[in-house]
Amino acid sequence: MAGGLAIIQHPDVFCFSMDAVLLARFVTLPPRGRIVDLCTGNGIIPLLLTTRTEAEIIGVEIQERLCDMARRSVALNGLEARVSILCRDLRTCTEVLPVGVFDVVTANPPYLPRDGADLSANPHQAAARHELFCTLEDVVRVASRLVKSGGRVAFVYRPARLVELLALMRQHRVEPKRIRFVHPYADRPANLVLVEGIRDGGVELRVLPPLVVYRAEGTYTDEVLRIYNGGTA
């Protein structure tokens with residue numbers, strides 16, 4: 001991983017995906033300041049962000065086992081002075097985190113609604129994929145409350161729910177500013193979308209060139225390799 005970071009994960013609990021890497025490389029960061037990552041899982045996004053900024057970073061996660069993994073990863077990398085993990089329902093995290101002061105909020109929220117979730121399956125994986133502990137609106141609302149006016153909020157999400165995401169961002173005073181679609185292959189529809197907005201920002205949206213993950217033969221494109229090696233998305 002970029003910067004020589006080590007991450008604790010387990011296939012039966014949680015393994016980070018490309019989604020998290022792309023979000024951590026896409027979001028615009030200040031050189032210093034304060035950042036919150038919602039739905040932090042095993043802490044992969046806060047860890048990756050430390051390679052791009054000297055900011056203080058807080059990861060918010062509701063599942064205790066994932067919080068433990070995240071904290072051990074932070075300690076393993078010697079980043080306790082810069083990264084902390086708050087084990088709490090994000091819907092109530094504003095009871096302990098100050099509102100309106102963070103420079104950046106990131107989130108890789110569950111993509112699927114609760115309806116249709118197989119609750120008998122692995123509970124950690126079910127919660128990562130389905131809105132069992134929070135809805136998309138919960139995430140957008142809390143992100144908007146935490147970030148300061150003029151601060152940035154960034155998401156990685158599924159294109160199928162992009163209209164919903166953009167509508168919620170505007171509803172909660174986060175104006176969409178940058179969008180980038182991610183395609184598995186050049187001739188395939190996008191399966192991810194990266195979105196960044198500014199709290200109380202003016203109306204102006206930039207649609208960036210698409211990011212293609214794989215070449216025709218199934219190997220990573222040069223841009224994806226560059227991103228995994230620390231480049232921005």
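This report describes the overall make-up, the nonpolar core, the salt bridges and some individual residues of a predicted protein model.

## Overall make-up

The protein contains seven helices and nine strands. Of its 233 residues, 52% are buried. The exposed surface comes to about 10500 Å², and carbon and sulfur atoms supply 52% of that area.

Contacts can also be sorted by how far apart the partners stand in sequence. Among contacts between residues at least 6 apart, 71% join residues at least 24 apart.

## The nonpolar core

In soluble globular proteins, nonpolar side chains tend to be buried together. In this model the largest nonpolar core has 68 residues, and Val36, Leu38 and Leu146 have the most contacts inside it. Helix 1, which covers residues 18-26, gives the most to this core, with seven residues.

Val36 shows how such a residue is surrounded. When neighbours within four places in sequence are set aside, Val36 is in contact with Ile58, Val60, Leu97, Phe102, Val104, Val105, Thr106 and Leu146. Leu146 is therefore both a contact of Val36 and one of the residues with the most contacts inside the core, where a nonpolar core is a set of buried residues joined through side-chain atoms within 4.5 Å.

## A covered helix

Helix 5 spans residues 136-146 and is mostly covered, with eight of its 11 residues buried. These buried residues are Leu136, Asp138, Val139, Val140, Val142, Ala143, Ser144 and Leu146. Their cover includes strand 1, strand 4 (102-107), strand 5 (147-157), helix 6, strand 6 and strand 7.

Asp138, one of the buried residues of helix 5, can also be placed relative to Thr92. The two residues are 46 apart in sequence, and their C-alpha atoms are 10.0 Å apart in space. Thr92 belongs to the loop between strand 3 (83-87) and strand 4. Its relative accessibility is 26%, so Thr92 counts as partly exposed.

## A buried charged residue

Asp37 lies in strand 1, which runs over residues 34-38. Asp37 is buried but has no salt bridge, and the nearest side chain of opposite charge, that of Arg52, is 11 Å away. That distance rules out a salt bridge between the two, because a salt bridge requires the nitrogen and oxygen atoms to be within 4 Å.

Asp37 does have a polar partner: its side chain and that of Thr106 are joined by a polar contact of 2.7 Å. Beyond residues up to four places away in sequence, Asp37 touches Ile45, Pro46, Ile58, Gly59, Val60, Thr106 and Ala107.

## Salt bridges

Side chains of opposite charge can pair when their charged atoms come close. The structure holds 15 salt bridges. One of them joins the side chains of Arg34 and Glu56, with a distance of 3.8 Å from N to O. Arg34 lies in strand 1 and Glu56 in strand 2 (residues 56-61), so this pair ties together parts that are 22 residues apart in sequence. Arg34 is partly exposed at 29% relative accessibility, and Glu56 is partly exposed at 36%.

Another salt bridge lies within a single helix. Glu223 pairs with Arg226, and their closest N and O atoms are 3.4 Å apart. Both residues belong to helix 7 (residues 222-228) and stand three residues apart, about one turn of the helix. Glu223 has a relative accessibility of 26% and counts as partly exposed, as does Arg226 at 38%. In addition, Arg152, Arg178 and Glu196 are linked in a network of salt bridges.

## Two loop residues with positive phi

Most residues other than glycine have a negative phi. Arg173 departs from this pattern, with a positive phi of about 65°, and Asp200 also has a positive phi, near 65°. Arg173 is in the loop between helix 6 (162-171) and strand 6 (174-183). Asp200 is in the loop between strand 7 (192-199) and strand 8 (206-207).

These two residues form a salt bridge with each other: the closest N and O atoms of Asp200 and Arg173 are 2.8 Å apart. The pair links distant parts of the chain, 27 residues apart. Asp200 is partly exposed, with a relative accessible area of 34%.

## A residue before helix 1

Gly4 is in the segment before helix 1. Gly4 is exposed, with a relative accessible area of 65%. The C-alpha atoms of Gly4 and Thr51 are separated by 9.6 Å, although the residues are 47 apart along the chain.

Definitions and conventions
Residues numbered from 1 in each chain as written. Predicted model: local features only at pLDDT ≥ 70, side-chain atom pairs only at ≥ 80, totals over all residues. Heavy atoms only, no water. Buried < 20%, exposed > 50% of the residue type's maximum accessible area, 1.4 Å probe, protein only. Helix = DSSP H or I, 4+ residues; strand = E, 2+ residues; numbered from the N terminus. Contact = heavy atoms within 4.5 Å. Lys, Arg positive; Asp, Glu negative; His and termini not counted. Polar contact = N/O pair within 3.5 Å; in protein donor to acceptor, adjacent residues only side chain to side chain. Areas by Shrake-Rupley, 256 points an atom, 1.4 Å probe, with all protein chains shown as cover.
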